[in-house]
Number of protein chains: 2
Amino acid sequence: MSKDALPGLTLCNNAALRRAARKLGQFYDDVLAPSGLKATQQGLLYQIHIGEEPAMGAIAASLIMDLSALGHTLKPLIRDGYVETFADPDDRRIRRVRLTPQGLVKLNEAMKLWHVAQQRLEDVVGKDKAESLRAALDDIAALDFDLPPATP
Amino acid sequence: MSKDALPGLTLCNNAALRRAARKLGQFYDDVLAPSGLKATQQGLLYQIHIGEEPAMGAIAASLIMDLSALGHTLKPLIRDGYVETFADPDDRRIRRVRLTPQGLVKLNEAMKLWHVAQQRLEDVVGKDKAESLRAALDDIAALDFDLPPATP
DNA sequence: CACGTTTAGTGGTATATGCCACTAATTAAA
DNA sequence: TTTAATTAGTGGCATATACCACTAAACGTG
């Protein structure tokens, strides 16, 4: 017994989620490491890729991420030349995002590694279990906890 | 249709996990806000509390967190006087951690709010579903992806 | 059309987390 | 016991993410 030195007592849904996220994040990051991308970056490039030059707000909404957080996360990818932004000509408030050619190459490279990670995980936990886990996580992501306001 | 502007396509286990973690984290953070603690901090205080003056390494192992990350996360809590560290007299490499009296007070305050969040979540998703989700997450956390090395 | 409001992003600040290099303390080996 | 290897943390640097205050652009109304 070297690992679990303390009782996990993971009764907290949020704590359990973060813990699992750290674990899984490390795994995906490890597998993706040869590409030089983190799993979060690969995921972001992918999200941009599947969108039609998505606006930042649209990406943030899809990822359930704060808009400013997205802006910050995007910076290293822009700096490294994988992504570029441009103002929407019809509404100059809107900034759209697209992959550069190098970004697309890098994404393809990372996707190969992603498949490896994804496959290895599903080998370990089982395809069904992984699928139902994702479904449960999507449920969480889709929840609507409107804090019961006084409706004044 | 204002929310999901892009197709979620959450096929990636890791992406789904992070997305759910952002969502749930925001919810717990919102509910805990009156205490001035983030959900991560409440969880960390709790983990310290249930341990017997745990060593940093033990806490990090329990939370599946990098040791240095734990050190960083601990800093604001030490600065705010909720936590203190001290060297183990039998092995001065080891730093043990404990709550200060104020830390205990703050934890109790935060736990009340935590119960609210936890309850509200379980009201929304259902107790069984929450429980099985936690079980699945604990499974993930307990996985052992030893990258098949060449075993030289 | 001028003014107030809403919408989309940016920049600053703070926490969360990880990796790496380095130090201190222990332990194991020669 | 003197030295090599292991263990526990620290500090620096980088990304991930959030909230807030602020700017700019578009909208809606009188």
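User: I am new to this structure, so where should I start: which residue takes a positive phi just after α5(B)?

Analyst: That residue is B:Gly126, which follows α5(B) and has a phi of about 95 degrees. Helices (H or I, at least four residues) and strands (E, at least two) are DSSP runs, numbered from the N terminus. This is a predicted model, in which local features need pLDDT of at least 70 and side-chain atom pairs count only at pLDDT 80 or more, while totals for chains, interfaces and linings use all residues. Residues are numbered from 1 along each chain as its sequence is written, chains are lettered from A and ligands numbered from 1 in the order in which they are written, and side-chain values use heavy atoms, with hydrogens and water left out.

User: How can I read the length of α5(B), and what span should its residues give?

Analyst: The expected span of a helix is 1.5 Å times one less than its number of residues. Helix α5 of chain B covers residues 101-125, so its 25 residues should span 36 Å, and its end C-alpha atoms are indeed 36 Å apart.

User: Which residues of α5(B) are buried, and which elements do they pack against?

Analyst: Buried means under 20% relative accessible area, exposed over 50%, and partly exposed in between (1.4 Å probe, protein chains only). The buried residues of α5(B) include B:Leu107, B:Met111, B:Trp114 and B:Leu121, and also B:Lys106 and B:Glu122. Contact means heavy atoms within 4.5 Å, and the buried residues pack against α1 and α6 of chain A as well as α1, α2, β2 and α6 of chain B.

User: How many helices and strands are there in chain A, and how do β1(A) and β2(A) run?

Analyst: Chain A holds six helices and two strands, in the order α-α-α-α-β-β-α-α from the N terminus on. Two strands pair if DSSP finds at least two bridges between them; here six bridges join β1(A), residues 83-88, to β2(A), and the two run antiparallel. A hairpin of two residues links β1(A) to β2(A), and A:Glu84 stands opposite A:Arg98 of β2(A).

User: Which residues come nearest to DNA strand C?

Analyst: A residue is near a molecule or strand if one of its heavy atoms lies within 4 Å of it. Around DNA strand C there are 26 residues, of which A:Gly57, A:Arg95, B:Thr40, B:Ser68 and B:Arg79 come nearest. Of the atoms of this strand that come within 4 Å of the protein, 68% are accounted for by sugar and phosphate.

User: What lies 2.3 Å from the side chain of B:Thr40, and which element gives the most to the surface near DNA strand C?

Analyst: A polar contact between protein and DNA is a pair of N or O atoms within 3.5 Å; within protein, one must be able to donate a hydrogen and the other to accept it, and residues adjacent in sequence count only if both atoms are side-chain atoms. A phosphate oxygen of DNA strand C lies 2.3 Å from a side-chain N or O atom of B:Thr40, and another case is A:Met56, with a polar backbone atom 3.4 Å from a phosphate oxygen. With six residues, α4(B) gives the most to this surface.

User: Which residues are closest to DNA strand D?

Analyst: They are A:Thr40, A:Ser68, A:Arg79, B:Gly57 and B:Arg95, out of 26 residues surrounding that strand. A side-chain N or O atom of A:Arg79 is 2.7 Å from a phosphate oxygen of DNA strand D, while α4(A), with six residues, gives the most to the surface.
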